[in-house]
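Here are some exercises to work through with the model open beside you. Try each task before reading its solution.

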Amino acid sequence: MLPMLKEILTQSVKKPVTNLFPAARLPKSITGFLEDVGRGKANLIPPVETPEHMRGKLSYKRNICNGCGLCMKVCPSHAIEQVVYPVPPAKEGEEQPRAQKRIRIYVGNCIFCGQCIDICPKEAISQTSEFLLAAEDRFAESQIIE
Amino acid sequence: MAGNVPYKIPIGPIHPALKEPVHIELTVMGEEVIGADFTPGQTHRGIEWMGLSRNPVQIVHLTDRICGICGVTHSLSFARAVEQIAGITVPERGDYVRTIIAEFERIQSHLLWAGVAAHELGFDSLFYLAWRVREDAMDAIEFITGNRVNYDIIQIGGTRRDITIDQYAKIRTCLKTYKDLFSKLKKLFLEDAVIKSRCIGTGLLSFETAMAYSAVGPTSRASGVTADLRVDYPYCAYGDLDIKPVLPTAYGKDVNGDTYDRIVVRIFEIAQSIEIIETCLDNMPAGPVLWEEKVVKILAACKKASGEAVGRHEAPRGEAVHYVAMDNADAPIAWKVKASTYSNAHVWPIILKGAQLADIPIIVASIDPCMSCTDRVAITDNGSTKIFTKEQLSKMSYEKTRRMLQ
Ligand code: SF4
Ligand code: SF4
C-alpha cells in the first residue's frame with residue numbers, strides 16, 4: 001500500500017507554502033536587485049510576518065539609562081560593554097558633574113534572549129521584531145547599538 | 001566488494017550523509033556489517049567551560065544553545081538543578097507553562113525526526129510533508145516564547161513568559177490541526193509498504209540489551225522498557241497527569257525492538273503530547289509563573305546557594321541530566337551535562353551488527369542522535385585522541401604548579 005500517493009496528488013494542485021523571499025527567482029545580481037528595489041523598479045517579496053512579541057534586535061534609550069550595569073551582569077554572551085562619556089570641565093564655582101556611564105550593545109554577539117530587558121530598572125532597553133540583521137562587518141553602524 | 005576479506009569503512013567525522021560530526025567505523029564483509037564502532041567528541045564546543053565563568057541566570061540561556069532542537073530540555077534540567085540547590089520553589093503555573101513548552105518541543109522534535117527518517121529511506125515526499133506539518137508546532141512555540149528555536153523561556157524559578165488567556169485559542173487551534181492530522185500521519189508512516197519493508201526487523205535492539213546499555217527515551221521504550229521520567233519521577237506538571245510510557249503496544253502490535261517500533265513509539269508520543277498540552281491548558285492554575293519577578297533577587301539567591309544537585313528532564317530523545325555544584329559564588333563550581341544520545345549511542349555497535357550497508361543511515365538515525373548535545377569533552381594531542389582521568393589531570397596540574405614555582 002502506498003498511502004502517500006494520494007497525498008502527493010492532492011498536494012500537487014495546492015499552492016506552495018514556501019514564501020519566496022526576497023524574490024520569486026534568483027536575480028542575476030542580488031545587489032543589483034536590491035538597488036532596483038530601492039529605486040522602485042523591482043518588488044521585494046516580504047518575509048513571513050513575525051508574531052507579536054517576537055524577540056528581535058534590541059532598542060536602547062541612552063537618555064533613560066542610568067549606567068547601573070546590571071544588564072551586563074546577566075548578558076549570557078557578553079554582548080554589552082560599558083561606555084564612559086566624558087563631560088566638559090565644570091565652570092568655576094560649579095560642581096564637576098560625573099562622567100556619564102552608559103552601555104553599548106554589539107548586535108553580532110547578542111543572542112536576543114531579552115534578559116537585559118528583564119533586569120533593567122529604568123526600562124531603557126526594549127526589543128523590536130527586526131530580524132534581518134546580516135552584515136559583512138560586525139562593527140558596522142547597524143551592528144552597534146548605543 | 002570482492003572476496004570475503006573484511007573491509008573497514010570509516011564514515012565521518014564530517015560526511016555528507018551525517019548531519020552532525022561523529023566518527024563511525026564499520027567492518028564489513030561484502031554488504032554485511034560485521035562490526036561497528038563510533039567515536040563521539042567531534043562537536044565539542046566548550047559550553048560547560050563557558051558556564052563556569054557565568055552566573056546561573058546567564059547559563060540558563062547558554063543551555064538553550066546546547067541543542068538546536070531541544071530548546072527547553074537543557075534549560076529546564078539546568079534550572080531544576082539550580083532550584084534544588086538554592087531552595088527555590090517554582091510556582092504551579094510556571095510548572096504548567098514549562099510542561100506545555102516541553103511537550104510542544106516533543107511534537108516538533110518527533111516530527112523532525114520522522115522527516116529525517118523518511119529522508120534516510122529516500123522517501124523525500126514524506127520528509128517534506130513531516131517538516132511542513134512541523135511548522136505548526138514551531139509557530140506555536142514562537143507565539144508563546146518569541147522565538148522558534150531558542151525559546152529562552154526558562155528562568156531560574158519558573159518561566160519568563162506566561163501563557164495568557166487570549167493565547168489559548170491559537171494554541172488550541174494548533175492542537176486541533178495535529179489531532180486531525182494524527183490519523184493521516186499514522187497511516188503515512190505506519191502503513192506504508194516501503195517503510196514497513198525497510199524498517200521491520202532492522203536495527204533490532206532487544207529488551208535485555210536496552211536495559212544493559214541503559215538506553216533511554218523512545219529508543220528504550222521501543223524495546224519494551226517501561227521507563228519514562230515523566231511517569232517514574234514526576235516533575236513540573238507531570239505529577240498531575242495520568243500518563244503512561246508509550247510502548248509499541250500502543251499500535252496494537254508486539255514489541256519487536258526494531259526501527260519500525262521506534263517510529264511507532266514516536267508517532268504515538270505525538271498524540272500523547274497533544275493530550276498533555278490540552279489537559280494542562282484546561283487545568284492551568286492561576287498565579288505567577290516566576291518565583292521572583294526581580295532578576296536581581298534571583299541572582300542574589302543563586303549567589304548565596306551552596307551544594308550540589310542533579311536536574312533531569314525526559315527530553316524527546318530520552319532523559320537528559322545536568323549536574324550542578326555551587327559554592328557561594330556567582331558561577332557554579334561544576335556543571336556537567338549528559339544528554340540522552342550519550343546513553344543511546346552506545347547501542348549503535350549492537351544494532352548495526354548484521355545490517356546491510358544500505359540500512360546503516362536509517363539504523364543510525366533511528367535512535368534520533370544529537371551529537372551537539374552529547375559531545376562534552378575531547379582531548380586531541382597531535383592527532384591521537386587520549387582520555388585523561390581526573391587523577392591524571394590533577395597530577396598534571398600539580399606538576400605544572402610545581403614547575404612554575406621552581
Ligand atoms: S538580549 Fe540577551 S544577549 Fe542580547 S544584549 Fe540583552 S542580555 Fe545580552
Ligand atoms: S540595566 Fe538599564 S539602566 Fe542599567 S546600564 Fe543597563 S540599560 Fe542602563
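On a 1 Å grid over the protein atoms alone, a cavity is a set of points where a 1.4 Å probe fits but cannot get out. A molecule sits in a cavity if more than half of its atoms lie within 2 Å of its grid points. This is a predicted model, where local features need pLDDT of at least 70 and side-chain atom pairs count only at pLDDT 80 or more, while totals for chains, interfaces and linings use all residues. Residues are numbered from 1 along each chain, chains are lettered from A and ligands numbered from 1 as written, and side-chain values use heavy atoms, without hydrogens and water.

**Exercise 1.** In which cavity does ligand 1 sit?

*Solution.* Ligand 1 occupies the second largest cavity.

**Exercise 2.** Describe how Tyr251(B) and Phe268(B) pair.

*Solution.*
1. Rings of Phe, Tyr and Trp (its six-membered ring) pair if their centres lie within 6.5 Å; planes under 30 degrees apart are stacked, over 60 edge-to-face, the rest tilted.
2. Over all chains, the structure holds eight aromatic pairs.
3. Tyr251(B) and Phe268(B) make a tilted pair, with 5.8 Å centre to centre and 50° between the planes.
4. Tyr251(B) is in the loop between α10 (229–232) and α11 (259–282) of chain B and Phe268(B) is in helix α11, so the pair ties together parts 17 residues apart in sequence. Helices are DSSP runs (H or I, at least four residues), numbered from the N terminus.

**Exercise 3.** Is Phe268(B) buried or exposed?

*Solution.*
1. Buried means under 20% relative accessible area, exposed over 50%, partly exposed in between (1.4 Å probe, protein chains only).
2. Phe268(B) has 14%, so Phe268(B) is buried.
3. Tyr251(B), at 26% relative accessibility, counts as partly exposed.

Key: On a 1 Å grid over the protein atoms alone, a cavity is a set of points where a 1.4 Å probe fits but cannot get out, and a pocket is an open set with protein on both sides within 12 Å along at least five of seven lines; lining residues have an atom within 4 Å of a point. Helices (H or I, at least four residues) and strands (E, at least two) are DSSP runs, numbered from the N terminus.
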